[in-house]
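Here are my comments on the model you sent. They are in numbered points, to be read beside the coordinates.

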Amino acid sequence: MISIQRIVNARPSAKPVKQYSLEDLEALREQDAQKLSSECVAHKKKTRSESAIGRSGILPKYQGCSFDNFICNAAGKQKVVKSALDWVESQTRQESSGGFIFAGMHGTGKNHLASAIANLYIEDNQTAVIITVSDLMVRLRDTYRDDSSETEDGFIRKLANVDLLVIDEVGVQRNTVNEQVTLSTLINARDANNKPTGVLTNLDFNGLIKTMGERSVDRILSGVGIWLTFDWGSFRTSGVNHAV
């Protein structure tokens with residue numbers, strides 16, 4: 001049988017109650033209000049990213065990508081990373097909406113670096129979405145269904161308003177007129193909203209012009225926009241464990 005004294009001894013000792021002045025209580029109330037406001041803004045932006053494409057803005061595979069874990073084992077890679085960081089810094093200074101184009105063969109780390117940028121946006125409570133051209137077109141076609149709750153204009157408008165949109169696999173698609181018109185419409189709307197757009201492609205400059213149109217490429221590269229070429233071997237074939 002447990003004695004009453006043992007029960008008493010097991011209880012935590014009473015701590016002195018801190019006395020708060022009216023000013024202290026007002027400061028605490030303001031801190032709680034600011035914290036709640038920040039949490040609400042972050043949740044709202046996360047919801048905006050997810051509602052735009054029906055999933056998280058960044059796929060789980062790339063959610064851990066950062067500049068710190070991008071493997072820079074060659075001078076060319078270091079230069080690319082520095083240029084990408086300079087671009088991010090230009091966005092924090094709220095300069096023009098110029099975006100970025102990462103060009104190179106598969107497995108060279110384009111997705112990793114683009115995801116690192118997108119993750120920085122999300123950490124800063126901004127919205128970021130990475131979507132392939134094929135996924136974009138599938139979701140756009142879904143709006144044409146009779147039972148769709150979303151219109152084509154509504155879908156484009158959502159993507160036009162996220163803080164950062166990265167379009168992946170440009171050049172892998174069928175390159176139809178409809179795809180070019182869709183990309184052009186989306187990039188034009190984002191440019192009008194002063195929102196940067198990123199493009200990941202395996203095409204060279206002339207090939208991208210043919211696929212996207214000169215005006216779209218020009219809008220992305222305007223202002224502080226950058227073109228970075230990933231002209232090294234694949235991380236995949238080299239055996240490096242790397243999200244690409």
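**Notes on the predicted model**

1. Start with strand S5, residues 226–230, in this predicted model. Its side chains alternate. Ile226, Leu228 and Phe230 point to one face and are buried. Trp227 and Thr229 point to the other face and are not buried. In a regular strand, side chains alternate between the two faces of the sheet.

2. Which strand is joined to S5, and how do the two run? The partner is S1, residues 100–104. The two strands run parallel, with 5 bridges between them. Within this pairing, Ala103 stands opposite Thr229 of S5. Thr229 belongs to the face of S5 whose side chains are not buried.

3. Next, the helix pair H8 (residues 205–212) and H9 (residues 214–221). Their axes come within 6 Å and cross at roughly 115°. H8 contributes Phe205, Leu208, Ile209 and Met212 to the contact. On the H9 side are Glu214, Ser216, Val217, Ile220 and Leu221. By class, the H8 and H9 contact has 7 nonpolar residues, 1 polar and 1 charged.

4. Is Asn119 buried or exposed? Asn119 sits in helix H4, residues 110–123. Its relative accessibility is 10%, and the cut-off for buried is under 20%, so Asn119 counts as buried.

5. What does the side chain of Asn119 have for a polar partner? One of its polar atoms lies 3.4 Å from the backbone oxygen of Gln63. Leaving aside residues up to four places away in sequence, Asn119 touches Ile58, Tyr62, Gln63, Gly64 and Cys65. Gln63 thus appears both in this contact list and as the owner of that backbone oxygen.

Methods:
Residues numbered from 1 in each chain as written. Predicted model: local features only at pLDDT ≥ 70, side-chain atom pairs only at ≥ 80, totals over all residues. Heavy atoms only, no water. Helix = DSSP H or I, 4+ residues; strand = E, 2+ residues; numbered from the N terminus. Buried < 20%, exposed > 50% of the residue type's maximum accessible area, 1.4 Å probe, protein only. Polar contact = N/O pair within 3.5 Å; in protein donor to acceptor, adjacent residues only side chain to side chain. Contact = heavy atoms within 4.5 Å. Axes fitted to C-alpha atoms, helices over the stretch in contact; angles between N-to-C directions. Nonpolar A, V, L, I, M, F, W, Y, C, P; charged D, E, K, R; others polar. Pairing = 2+ DSSP bridges.
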